[in-house]
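Work through the exercises below with the coordinates open. Try each task before reading its solution.

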Amino acid sequence: MQTRHLSIFFIFVFGALGGLLFGFDTGIISGASSLIESDFSLNVEQTGFITSSVLIGSSIGALSIGSLSDKFGRKRLLLFASILFLMGSGLSMTAAGFVSMVVARIILGFAVGSASALTPAYLAELADAPHRGSLGTMFQLMITLGILLAYVSNLGFLHHNLLGMRDWRWMLGSALIPAAILFVGSLILPESPRFLVEKGKVSEAHDVLRGLRANTDQDPDQELADIQQVANQPKGGLKELFTFARPAVIVAIGLMFLQQLVGINSVIYFLPQVFIKGFGFAESNAIWISVGIGIVNFVCTILAYQIMDRFNRRTILLFGSIVMALAIGTLSVLNFTLSVQSAAIPTMILIAVYIFGFAVSWGPICWLMIGEIFPLNVRGVGNSIGSAANWIGNFIVSQFFLVLLSIFHNNVGGPFAVFTFFAIVSIFFVIYMVPETRGKTLEQIEMEMRNKEDVKQ
């Protein structure tokens, strides 16, 4: 009993801290950027590049870490990511100017991208099939908590120059605490039993599974036999990604692109500017709105954690797509037909409904499914491809949202009309492309994929 609780506890802590640092390091810059800009006497382009440089690092980290994790193991690479979090947080806290800040943010981005590619696969491989949904959802839950804590850190340190250091340095440096705990946690956590079997370390895998499955209905011996059966399948190396695993690649890229193209990070990154530019709100009021939205995002993801193992993945995705399309479609129409004053409150309410639709569905499920749908020997690379697609989509939305807002003369109806189109596309993508994975072991999912390819041939 104690062994299992200890193992599950550490999986929880790991998922929490990897996701928390992901959310914190991508969200913290929203409050710190204007302070850094004035302190370093930067122009708007330089400030924008500091913000987006983390996305460059994330794309590189996500793409490069997967093949390394398939070779060296999930645990070892997660330890490496925690060291990058420590380096990036420390360097950004002590940056002396534009160049050193960009270098620090790219290192942080590499850590964030690595965590986003590694954690879903690691959690999926350690979880038992009945609870994989809720355990996988912990990653997204902690991303939302990290974003919320970043907003709180921004408000807490603002105008507090402690020990002779500027407020923004404390904002960025506060990430060192969870990064240090993640480092310690990575030393204690077990290696993935799937990876151990893949590398011929069957007895080690059996020991890990016995600890993880104690006092559950799952038979670790049968699970080990299933893992071995899959591990003994003929290997095609990376060629598998373009043969029988090709549907998984298409689903991963589609899910991750659409998760961003429905516009979620335009809300996370730019909501204060939406209400300042679009509705004439005071800056302090606009920041409090973003904290409120952060709370909605976090609370709704807790709801997702509760329901994830009770309903089919496809059903939840469809529900989220429909809620998002209706909310932001209505928001778009209202902002083109009502006066600015009349549209402000309905816009706030509809954005909260939209966040609810996203947070209970597309937020957690996309990360969960990229950890589920790839075959064992290319799971790391597959997760890298999905995660990189997410960061590229994030970059596109981040770069073009304010441009779209300007094109529509600061009427938020314009950008949200574009996001509504992609929310509608997401409905059809789920219906025609996304497989159901709830309640199936990773080995069952892989064998179904292999059997479909055999039928085609």
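Helices here are DSSP runs of H or I with at least four residues, numbered from the N terminus. The model is predicted.

**Exercise 1. Place one glycine**

Task: find which helix holds Gly 329, decide whether Gly 329 is buried or exposed, and list what Gly 329 touches.

Solution.
- Step 1. Gly 329 sits in helix H15.
- Step 2. Its relative accessibility is 19%. The cut-off for buried is under 20%, so Gly 329 counts as buried.
- Step 3. Leave out residues up to four places away in sequence; Gly 329 then touches Met 324 and Thr 420.
- Step 4. Now take a distance. From Gly 329 to Leu 91 the C-alpha atoms are 42 Å apart, with a sequence separation of 238 residues.

**Exercise 2. Classify two aromatic pairs**

Task: how many aromatic pairs does a search of the whole structure find? Then classify Phe 336 with Phe 408, and Tyr 354 with Phe 416.

Solution.
- Step 1. The search returns 12 aromatic pairs.
- Step 2. Phe 336 and Phe 408 have ring centres 6.2 Å apart and planes at 65°. Planes over 60 degrees apart count as edge-to-face, so this pair is edge-to-face.
- Step 3. Locate the partners. Phe 336 belongs to helix H15 (residues 313-337), while Phe 408 is in the loop between helix H18 (379-407) and helix H19 (413-433). The pair therefore ties together parts 72 residues apart in sequence.
- Step 4. Check exposure. Phe 336 is partly exposed at 47% relative accessible area. Phe 408 is partly exposed too, at 31%.
- Step 5. Turn to Tyr 354 and Phe 416: 6.4 Å centre to centre, 85° between the planes, again edge-to-face.
- Step 6. Tyr 354 lies in helix H16 (residues 340-359) and Phe 416 in helix H19, so this pair links parts 62 residues apart in sequence.
- Step 7. Tyr 354 is buried, with 0% relative accessible area. Phe 416 is buried at 1%.
- Step 8. Add the cluster: Phe 22, Phe 139, Trp 367 and Trp 391 form one aromatic cluster.

**Exercise 3. Follow a helix to its end**

Task: which residues of helix H2 (residues 29-40) are buried, and what is the phi of the residue that follows H2?

Solution.
- Step 1. The buried residues in H2 are Ile 29, Ala 32, Ser 33, Leu 35, Ile 36 and Phe 40.
- Step 2. Recall the geometry. An α-helix has 3.6 residues a turn, so residues three or four places apart point the same way.
- Step 3. Ser 41 comes after H2, and its phi is positive, near 55°. Ser 41 is not a glycine.
- Step 4. Ser 41 falls in the loop between H2 and helix H3 (44-72). Ser 41 is exposed, with a relative accessible area of 63%.

**Exercise 4. Describe the whole fold**

Task: how many helices and strands are there, and how does the radius of gyration fit a compact globule?

Solution.
- Step 1. The count is 20 helices and 0 strands.
- Step 2. A compact globule of 457 residues would have a radius of gyration near 23 Å; the protein has 22 Å, which agrees.
- Step 3. The C-alpha trace spans about 65 × 50 × 40 Å along its principal axes.
- Step 4. Of the 457 residues, 58% are buried.
- Step 5. Take contacts between residues at least 6 apart in sequence: 83% join residues at least 24 apart.
- Step 6. The exposed area is about 17,800 Å², and carbon and sulfur atoms supply 68% of it.
- Step 7. Charges finish the picture: 27 positive and 27 negative side chains, with the centres of the two sets 2 Å apart.

Definitions and conventions
Residues are numbered from 1 along each chain as its sequence is written. This is a predicted model: local features need pLDDT of at least 70, side-chain atom pairs count only at pLDDT 80 or more; totals for chains, interfaces and linings use all residues. Side-chain values use heavy atoms; hydrogens and water are left out. Rings of Phe, Tyr and Trp (its six-membered ring) pair if their centres lie within 6.5 Å; planes under 30 degrees apart count as stacked, over 60 as edge-to-face and the rest as tilted. Helices (H or I, at least four residues) and strands (E, at least two) are DSSP runs, numbered from the N terminus. Buried means under 20% relative accessible area, exposed over 50%, partly exposed in between (1.4 Å probe, protein chains only). The radius of gyration is taken over C-alpha atoms; the globule rule is 2.2 Å times the number of residues to the power 0.38. Contact means heavy atoms within 4.5 Å. Accessible areas come from the Shrake-Rupley method with a 1.4 Å probe; for residues, only the protein chains shown count as cover. Lys and Arg count as positive and Asp and Glu as negative; His and the chain ends are not counted. The place of a charge is taken as NZ of Lys, CZ of Arg, CG of Asp or CD of Glu.
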